[in-house]
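Got the viewer up? Set it to show side chains as sticks, keep the selection box handy, and follow along one stop at a time.

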Amino acid sequence: MIGRITQLFPVWAVLFAVLAYMSPTLFVGLKTQIVPLLTCIMLAMGISLSPKDFINVAQHKKAVGIGVILQFLIMPVTALLISFLMGFSSELTVGMVLVGSVAGGTSSNVMAFLAKGNVALSISMTAISTLLGVIVTPVLVELLVGQTVDVPVSAMLMSLVKIVLLPVSIGLVINTFAHKAVNKIHSLLPLISMVAIVLIIAIVVALNANNLSQIGPVVALAVILHNGIGLTAGYYSCRLLGFEESTCRTIAFEVGLQNSGLATALAMKFFSPASAIAGTLFSVWHNISGSLLAGYWANKQNKHNKVSPAC
């Protein structure tokens, strides 16, 4: 039952976004809850991790290294280029760059599983990029948009320590020393994360209800391009480097699916509601595109498995 509810995440996200757009007063008052909600998501992520996930990095160090480099190279630069080509304001540009500069999203782990990818590698990459992102994200944002927007690097770094590093570390410790208790609630963690991100989406939509009809469609197009380029470049870069198919699929999701909830929270905390639109739309879209791509790859794998014995 819980699994079915979480699988419908894009549906819930769209429904609550529409509700927030039609009745913004329901969610505007929750503006101050964005950071606490994101902290809950990161705590849930930490609880789902174990020391084994970091040990796996040594076993897949080449794939993890390449994947992390591609993620923190392709996505930020692509975000800036799209923003420039579409003539975005500084507000919208910093929102796009934030989406491109954060770590991979936990949804990539689910997509890797559905697409017959390397789930252990996916989890390890998400964990490593999340920890590296505490330092890398503010540095990238400053490097790419610091000349046009005042980027509070030190404040952002400290905020990432509080929002990401501490809750993930606490969650990891809880799972390590209370693993049996965690197993009993493990199935609830995706639901908690989903509820939190849906609420974040609704709050940001409510705050931007007045101008969303004007800038929403063009930002949505930018988000679709950004996500599509990330998935495509991640996959084919790994093909060119000679990785096996399951690894290519896994890294494609790690590169193309971002922790857009974190980007949204950072945009709201350090910039403006308008700069959070990109992260909000990305949260909805990357789950749709990821699910479609995972389904395509899974069907392709199933057909290949049926044909192989006869060859």
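Start by selecting R239. In this predicted model, R239 has a relative accessibility of 44%, which lies between the 20% and 50% cut-offs, so it counts as partly exposed. Now add E245 to the selection: R239 forms a salt bridge with E245, and their closest N and O atoms sit 3.9 Å apart. E245 comes out at 25% relative accessibility, so this residue is partly exposed as well.

Keep E245 on screen and add R249. Which kind of link do the side chains of R249 and E245 make? They meet in a salt bridge, at 2.8 Å from N to O. Is R249 buried or exposed? R249 is buried, because its relative accessibility is 3%, below the 20% cut-off.

Switch to cartoon for a second and highlight residues 245-256. That's helix α14, and it holds both R249 and E245, four residues apart, or about one turn of the helix. An α-helix has 3.6 residues a turn, so residues three or four places apart point the same way.

Now show R239, E245 and R249 together: the three are linked in a network of salt bridges. How many salt bridges turn up in a search of the whole structure? That search finds two.

Next, jump to N287, which you'll find in helix α16, residues 277-307. N287 counts as buried, because its relative accessibility is 11%. Bring up H286 beside it: the side chains of N287 and H286 make a polar contact at 3.2 Å. To see what else is around N287, select F9, P10, S107 and M111; N287 touches these residues, leaving aside any up to four places away in sequence.

For a change of scale, select residues 61-85. This is helix α6, with 25 residues. Put a distance label from the first C-alpha of α6 to the last: the helix reaches 36 Å, close to the 36 Å expected at 1.5 Å a residue. Then step just past the end of α6 to G87, where phi is positive, at about 65°.

Last stop: colour by pLDDT. The chain has a mean of 86, with 95% of its residues at 70 or more. Where is confidence lowest, and where is it highest? The lowest is helix α1 (residues 2-7), at a mean of 68, and the highest is helix α7 (residues 90-101), at 95. Where pLDDT is low, the predicted coordinates should not be read in detail.

Note on methods: Residues are numbered from 1 along each chain as its sequence is written. This is a predicted model: local features need pLDDT of at least 70, side-chain atom pairs count only at pLDDT 80 or more; totals for chains, interfaces and linings use all residues. Side-chain values use heavy atoms; hydrogens and water are left out. Helices (H or I, at least four residues) and strands (E, at least two) are DSSP runs, numbered from the N terminus. The expected span of a helix is 1.5 Å times one less than its number of residues. Buried means under 20% relative accessible area, exposed over 50%, partly exposed in between (1.4 Å probe, protein chains only). A polar contact is a pair of N or O atoms within 3.5 Å; within protein, one must be able to donate a hydrogen and the other to accept it, and residues adjacent in sequence count only if both atoms are side-chain atoms. Contact means heavy atoms within 4.5 Å. pLDDT is the predictor's confidence in each residue, from 0 to 100. A salt bridge is a side-chain nitrogen of Lys or Arg within 4 Å of a carboxyl oxygen of Asp or Glu.
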